[in-house]
Amino acid sequence: MNTFKEYIASQLNSKSPQMDDLIENCNTRQILKDEFLLRQGEQSRYIFFVEQGLLKQYSIDEKGKEHILMFAPEKWFVADRESLYFKRPSLYFIKALEDSRVVLLEESFINKIAEVDHSFLELNNRLLNNHILHLQNRINSLLSDSAEERYLSFVQTYPDILLRVPQAMVASYLGITPESLSRVRKDLAERNFHK
């Protein structure tokens with residue numbers, strides 16, 4: 001159930017032919033590994049839904065250090081909402097970490113689908129609030145949690161990502177060095193081994 005059509009069908013009870021037509025006409029793209037969907041400085045035009053593959057949203061600071069804001073595996077949405085809705089240049093890059101199939105959703109699509117099925121507004125509201133909740137929890141975690149707590153939270157949020165991305169990217173997401181991540185993983189493994 002990874003296609004956007006299947007995802008929407010699982011979230012809404014609509015059987016509208018208009019809804020099917022709108023979804024069928026969505027722009028879907030095959031993206032190669034390391035291809036950019038958005039670059040820093042560009043204005044974002046889309047919300048991306050990942051049908052297959054894996055994306056990351058990140059920034060690069062003045063010293064050239066990468067800071068990963070989020071990963072987007074299958075059935076996840078990713079967007080630079082500030083750039084999209086306020087028509088500002090993006091602060092972020094969105095890049096494919098694997099060959100991916102992505103649905104590009106324009107703001108006009110969101111408005112049209114909401115006109116066809118008003119329950120979509122509730123779904124969209126739930127998705128937005130879930131995104132805000134995730135970001136607030138992430139900020140709080142970065143400010144107050146230990147590296148181990150952040151790692152365990154990462155594993156809970158992204159259970160299959162550890163097998164799909166290099167350790168350095170996980171460390172970037174957690175805001176720690178790869179060496180610190182190695183220590184955290186070693187300590188956890190030793191504690192679990194001695195149980």
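Colleague: Lysine 75: buried, exposed or partly exposed?

Modeller: Partly exposed, with a relative accessible area of 35%. Bear in mind that this is a predicted model.

Colleague: Where is lysine 75 in the fold?

Modeller: In the loop between β5 (66-72) and β6. Its backbone is worth a look too: lysine 75 has a positive phi of about 70°, although it is not a glycine.

Colleague: What about aspartate 34, what is its phi?

Modeller: Near 75°, so that is a positive value in a residue other than glycine.

Colleague: And which loop is aspartate 34 in?

Modeller: The loop between β1 (27-31) and β2 (36-38). Aspartate 34 is partly exposed, and its relative accessible area is 45%.

Colleague: OK, pockets. How much space is in the largest pocket?

Modeller: About 530 Å³. Its lining is made of 24 residues, and the ones nearest the centre are Trp76, Phe77, Leu127, Asn130 and His131.

Colleague: Which elements give two or more residues to that lining?

Modeller: α1 (4-11), β6 (77-78) and α5 (119-144). The biggest share comes from α5, which gives eleven residues.

Colleague: How does the lining divide into nonpolar, polar and charged?

Modeller: There are 15 nonpolar residues, six polar ones and three charged ones.

Colleague: Back to His131. Is it buried or exposed?

Modeller: Histidine 131 is buried, at 19% relative accessible area; the cut-off for buried is under 20%. It sits in helix α5.

Colleague: What is histidine 131 in contact with, leaving aside neighbours within four places in sequence?

Modeller: Met70 and Arg81.

Colleague: Staying in α5, what about asparagine 124, buried or exposed?

Modeller: Asparagine 124, which lies in helix α5, is buried, with a relative accessible area of 18%. Its C-alpha atom is 8.9 Å from that of alanine 114, and the two are ten residues apart along the chain.

Colleague: Alanine 114 is in α4, then. Which residues of α4 are buried?

Modeller: Phe109, Ile110, Ile113 and Ala114. They cover an arc of only 130° around the axis, which puts them on the same side of α4.

Colleague: What covers those buried residues of α4?

Modeller: The cover includes α1, α2, β3 (47-52), β8 (100-105) and α5.

Colleague: Let's take α2 next. Which of its residues are buried?

Modeller: In helix α2 (residues 17-24), the buried ones are Met19, Leu22 and Ile23. Seen down the axis of α2, they fall within an arc of 95°, so they line one face of the helix.

Colleague: What do the buried residues of α2 pack against?

Modeller: Against α1 and α4 (107-116). On the other side of α2, Pro17 and Gln18 are exposed.

Colleague: Changing topic: tyrosine 173. Where does it lie?

Modeller: In helix α7. Tyrosine 173 is buried, with a relative accessible area of 6%.

Colleague: Which residues does tyrosine 173 contact, leaving aside its neighbours within four places in sequence?

Modeller: There's a run of Ile68, Leu69, Met70 and Phe71, and then His134, Arg138, Leu142, Phe154 and Tyr158.

Colleague: How far apart are the C-alpha atoms of tyrosine 173 and leucine 69?

Modeller: They are separated by 6.3 Å, while the two residues are 104 apart along the chain. Met70 turns up twice here, as a contact of tyrosine 173 and as a contact of histidine 131.

Colleague: Last helix, α8. What span should it have, and how far apart are its end C-alpha atoms?

Modeller: Helix α8 (residues 178-193) has 16 residues, and at 1.5 Å a residue they should span 22 Å. The end C-alpha atoms are 22 Å apart, which agrees.

Colleague: Which residues of α8 are buried?

Modeller: Ser180, Leu181, Val184 and Leu188. Looking down the axis of α8, these buried residues fall within an arc of 105°, so they line one face of the helix.

Colleague: And which residues are exposed on the other side of α8?

Modeller: Arg183, Lys186 and Phe193 are exposed there.

Colleague: What covers the buried residues of α8?

Modeller: The cover includes α6 (147-157) and α7 (167-174). That second helix, α7, is where tyrosine 173 lies.

How values were computed:
Residues numbered from 1 in each chain as written. Predicted model: local features only at pLDDT ≥ 70, side-chain atom pairs only at ≥ 80, totals over all residues. Heavy atoms only, no water. 1 Å grid on protein atoms, 1.4 Å probe; cavity = no way out; pocket = protein on both sides within 12 Å on 5 of 7 lines; lining within 4 Å. Points joined across faces, edges and corners; volume = space filled by probe spheres on them. Helix = DSSP H or I, 4+ residues; strand = E, 2+ residues; numbered from the N terminus. Nonpolar A, V, L, I, M, F, W, Y, C, P; charged D, E, K, R; others polar. Expected span 1.5 Å × (residues − 1). Buried < 20%, exposed > 50% of the residue type's maximum accessible area, 1.4 Å probe, protein only. Arc of directions from axis to C-beta. Contact = heavy atoms within 4.5 Å.
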